[in-house]
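User: Hi! I'm new to reading protein structures, and I'd like to learn how the terms are justified. Could you walk me through this one?

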Amino acid sequence: MAATYIVLLGPPGVGKGTQAKILAEQTGLIHVSSGDLFRENIKNQTELGRLAKSFMDQGELVPDDVTVAMIKDRLVRPDCAAGAILDGFPRTPVQAEALHTMLAGFKGDTNLVPFINADPKMLVERICGRWTCKAKGHIYHEKFNPPKVAGICDLDGSELYQREDDKAETVTNRIKVYMDQTAPLIDHYRKQKKLVEVDGAQPIEKVSDELLAAIKKVVK
Ligand code: AMP
């Protein structure tokens, strides 16, 4: 059976990470988040982590070549043999092209690109109230999706923290970078008839129901 690759597209704070985790659980595909991979490298104090941090702290994108190499390393691992839910990658036209070439090498291609969209005004509120678990990156929001006990992850009991780049000063630039560099991918995938638009302002369960229905149509 051919592998399945789903690319989640959408602005920062729209809920890609939350949805990717749900979809991975429901489909059995592996969640591959470029942001999580960078944060893991920062935590482990690797060379890649040091490099990535200098861009992430400014809300800028990590250079394409470095990002593409990291994703390729992840996708060749055996647990991704059946495919992956890509969250945060590709983020530029160069990365989209590199992904296409990479997947062709695995005799696959991007099957579906759900585009989770929302009003930019909502994104700032979503990002600034976001808390992330230290152990596994589970995501909460102080208003929309609070943990049962403040500051503690419901799922693994680890401490919640606010990402450095989720602070107000950086968020505006992340949204601008998205508009300039990532938004062109919407048309790119629309032309390929792979885009499915989902309203990210809906409750989490409604968004995941719509995403799962779209995935079921392309994954036989
Ligand atoms: P995220 O967790 O997806 O919001 O990503 C956090 C930060 O990691 C971004 O603001 C970028 O600095 C960096 N990053 C994540 N994915 C990519 C990517 N595909 N290309 C370049 N930089 C990325």
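Analyst: Happy to! Let's begin with strands: β1 and β3 run parallel and are joined by 5 bridges. One thing to keep in mind is that this is a predicted model.

User: What makes β1 and β3 count as paired strands?

Analyst: Two strands pair if DSSP finds at least two bridges between them. For β1 and β3 there are 5 bridges, so they count as paired. Within this pairing, isoleucine 6 stands opposite isoleucine 85 in β3.

User: Which residue of β3 is the bridge partner of histidine 31?

Analyst: Histidine 31 has isoleucine 85 as its bridge partner in β3. β2 and β3 (residues 83-87) pair in the parallel sense over 4 bridges, and valine 32 stands opposite leucine 86 in β3.

User: How do these strands fit into a sheet, and in which order?

Analyst: The open sheet has 5 strands in the order β2-β3-β1-β4-β8, with parallel pairing. From one strand to the next, the twist averages 25°.

User: Why are β2 and β8 called edge strands?

Analyst: Each of them, β2 (30-33) and β8 (195-199), pairs on one side only.

User: What can you say about how β3 is covered?

Analyst: β3 is mostly covered, with 5 of its 5 residues buried. Gly83, Ile85 and Asp87 are buried on one side, and Ala84 and Leu86 are buried on the other, so both faces are covered. That layout is easy to follow, because in a regular strand the side chains alternate between the two faces of the sheet.

User: Which strands does helix α9 lie across?

Analyst: Helix α9 (residues 204-218) lies across β1 (4-8), β4 (110-117) and β8, and runs at about 160° to β4.

User: What about the sheet with the order β6-β5-β7, is it parallel or antiparallel?

Analyst: Its pairing is antiparallel, and its 3 strands form an open sheet. The edge strands are β6 (139-141) and β7 (160-161), each pairing on one side only. β5 (residues 130-133) pairs with β6 over 3 bridges in the antiparallel sense, with threonine 132 opposite isoleucine 139 in β6.

User: How do you know that the buried residues of α3 are on the same side?

Analyst: The buried residues in helix α3 (residues 47-56) are Gly49, Ala52 and Met56. They cover an arc of only 70° around the axis, which puts them on the same side of α3. The general rule helps here: an α-helix has 3.6 residues a turn, so residues three or four places apart point the same way.

User: What covers that side of α3, and what does the other face carry?

Analyst: The cover over the buried residues of α3 includes α2 (34-43) and α7 (168-182). The face turned away from the buried side carries the exposed residues Glu47 and Arg50.

User: Is glutamate 169 buried or exposed?

Analyst: Glutamate 169 lies in helix α7. Its relative accessibility is 66% and exposed means over 50%, so glutamate 169 counts as exposed.

User: Why is lysine 194 called buried?

Analyst: Buried means under 20%, and lysine 194 has 13% relative accessibility, so it counts as buried. Lysine 194 is found in the loop between α8 and β8.

User: What makes the approach of lysine 194 to threonine 110 a polar contact?

Analyst: The side chain of lysine 194 reaches the backbone oxygen of threonine 110 at 3.1 Å. The cut-off for a polar contact is within 3.5 Å, so this distance fits. Leaving out residues up to four places away in sequence, lysine 194 touches Asp109, Thr110, Asn111, Leu112, Val113 and Tyr189.

User: Why does leucine 195 count as buried?

Analyst: Leucine 195 is in strand β8. With 17% relative accessibility against the limit of under 20%, leucine 195 counts as buried.

User: Which residues of the largest nonpolar core touch the most other members?

Analyst: They are Leu9, Val32, Ile71, Leu75, Leu99 and Tyr189, from a core of 29 residues. Among the elements that each supply at least two residues of this core are β1, α2, α3 and β3. A second, separate core of 21 residues includes Ile85, Val207, Leu211 and Ala214.

Terms used:
Residues numbered from 1 in each chain as written. Predicted model: local features only at pLDDT ≥ 70, side-chain atom pairs only at ≥ 80, totals over all residues. Heavy atoms only, no water. Buried < 20%, exposed > 50% of the residue type's maximum accessible area, 1.4 Å probe, protein only. Arc of directions from axis to C-beta. Contact = heavy atoms within 4.5 Å. Axes fitted to C-alpha atoms, helices over the stretch in contact; angles between N-to-C directions. Core = buried A, V, L, I, M, F, W, Y, C linked by side-chain atoms within 4.5 Å. Polar contact = N/O pair within 3.5 Å; in protein donor to acceptor, adjacent residues only side chain to side chain.
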